[in-house]
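User: I would like to learn how to read burial, contacts and backbone angles in a model. Can we work through one case together?

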Amino acid sequence: MAQRVNATDGTAKCARRPYREAYTLTDAEKKANKRAANHRQHQARRAAGPAPGKWDFGRMLCMQDARCPYCMTILDKYHVDHKLPVSRGGTNNPSNLQLTCPRCNILKGAMTHDEFLVSKKRPVARQTA
Ligand SMILES: [Zn+2]
């Protein structure tokens, strides 16, 4: 049977301390972690290459019949989506880009195109009359 330790007992405090020390970061460590994360994001964005131009958007709209590839709604507002996200090594090459409705792009997040297609988050295709 598990022994219950009183909170005012000195042994209980000592027993917990190693766990807390291992999982509690100092402010300097938190700052260093944040800085490293910013550095990784900056490197990924640089490696993705230059942003696409307005002609690329027009071409993508034509190729997609101005519809979101996930929910098939007509795109009056759109987000530029990376099929393979920049955070996972994707580039700004037009072959990696597609236009989606804002809702699908936000739901997709850092998933790849294929992961999003099989995920439960994907909205059901809307019926259009
Ligand atoms: Zn959509």
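User: Is Cys68 buried or exposed, and how many C-beta neighbours does it have inside 10 Å?

Analyst: Start with the rule. A residue is buried if 20 or more other C-beta atoms lie within 10 Å of its own, exposed if 12 or fewer, and partly exposed in between, with C-beta atoms placed from the backbone. Cys68 counts as buried because it has 24 C-beta neighbours inside 10 Å.

User: What should I know about the model before going on?

Analyst: This is a predicted model: local features need pLDDT of at least 70, side-chain atom pairs count only at pLDDT 80 or more, and totals for chains, interfaces and linings use all residues. Residues are numbered from 1 along each chain as its sequence is written.

User: What is the pattern of the protein along its sequence?

Analyst: Elements come from DSSP runs: helices are H or I runs of at least four residues, strands are E runs of at least two, and both are numbered from the N terminus. Here there are five helices and two strands. Along the sequence they follow α-α-α-β-β-α-α.

User: Which residues make up the largest nonpolar core?

Analyst: In soluble globular proteins, nonpolar side chains tend to be buried together. A nonpolar core is a set of buried Ala, Val, Leu, Ile, Met, Phe, Trp, Tyr and Cys residues joined through C-beta atoms within 7 Å. In this protein the largest such core has seven residues: Cys68, Tyr70, Tyr78, Leu99, Cys101, Cys104 and Phe116. Set that beside the total: buried residues make up 9% of the 129 residues.

User: Where does Cys68 lie, and which residues is it in contact with, leaving aside neighbours within four places in sequence?

Analyst: Two residues are in contact if their C-beta atoms, placed from the backbone, lie within 7 Å. Cys68 lies in the loop between H3 and S1. Leaving aside neighbours within four places in sequence, Cys68 is in contact with Thr73, Leu75, Thr100, Cys101 and Cys104. With the same exclusion, Cys104 is in contact with Cys68, Tyr70, Cys71 and Pro123.

User: How do I judge contacts across the sequence?

Analyst: Look at sequence separation. Among contacts between residues at least 6 apart in sequence, 59% join residues at least 24 apart. C-alpha distances show related cases. Cys68 and Pro102 are 34 residues apart along the chain, with their C-alpha atoms separated by 9.3 Å. Gly89 and Ala47 are 42 residues apart in sequence and 8.1 Å apart, C-alpha to C-alpha.

User: How do I check the length of helix H2?

Analyst: Compare expected and actual spans. The expected span is 1.5 Å times one less than the number of residues. Helix H2 covers residues 27-47, 21 residues, so it should span 30 Å; its end C-alpha atoms are 30 Å apart, which agrees. H2 is hardly covered, with zero buried residues among its 21.

User: How many of the residues of H3 are buried?

Analyst: Zero of its ten residues are buried, and H3 is hardly covered. Take Arg59, which lies in helix H3 (residues 54-63). Arg59 is partly exposed because 13 other C-beta atoms lie within 10 Å. Arg59 and Pro94 are 35 residues apart in sequence and 9.5 Å apart in space, C-alpha to C-alpha.

User: Where should I look for positive phi?

Analyst: Check what follows the helices. Just after H2, Gly49 takes a positive phi of about 90°. Just after H3, Asp65 takes a positive phi of about 55°. Asp65 is a residue other than glycine. Asp65 sits in the loop between H3 and strand S1 (79-82). Asp65 counts as exposed because it has 10 C-beta neighbours inside 10 Å. Met72, also other than glycine, has a positive phi near 65°. Met72 is in the loop between H3 and S1. Its 16 C-beta neighbours inside 10 Å make Met72 partly exposed.

User: How does the loop between S1 and S2 read?

Analyst: Use Gly89 and Pro85. Gly89 is in the loop between S1 and strand S2 (97-100). Gly89 is exposed, with 10 other C-beta atoms within 10 Å. Pro85 is found in the loop between S1 and S2. Pro85 counts as partly exposed, with 19 C-beta neighbours inside 10 Å. Leaving aside neighbours within four places in sequence, Pro85 is in contact with Gly90, Ala110 and Thr112.
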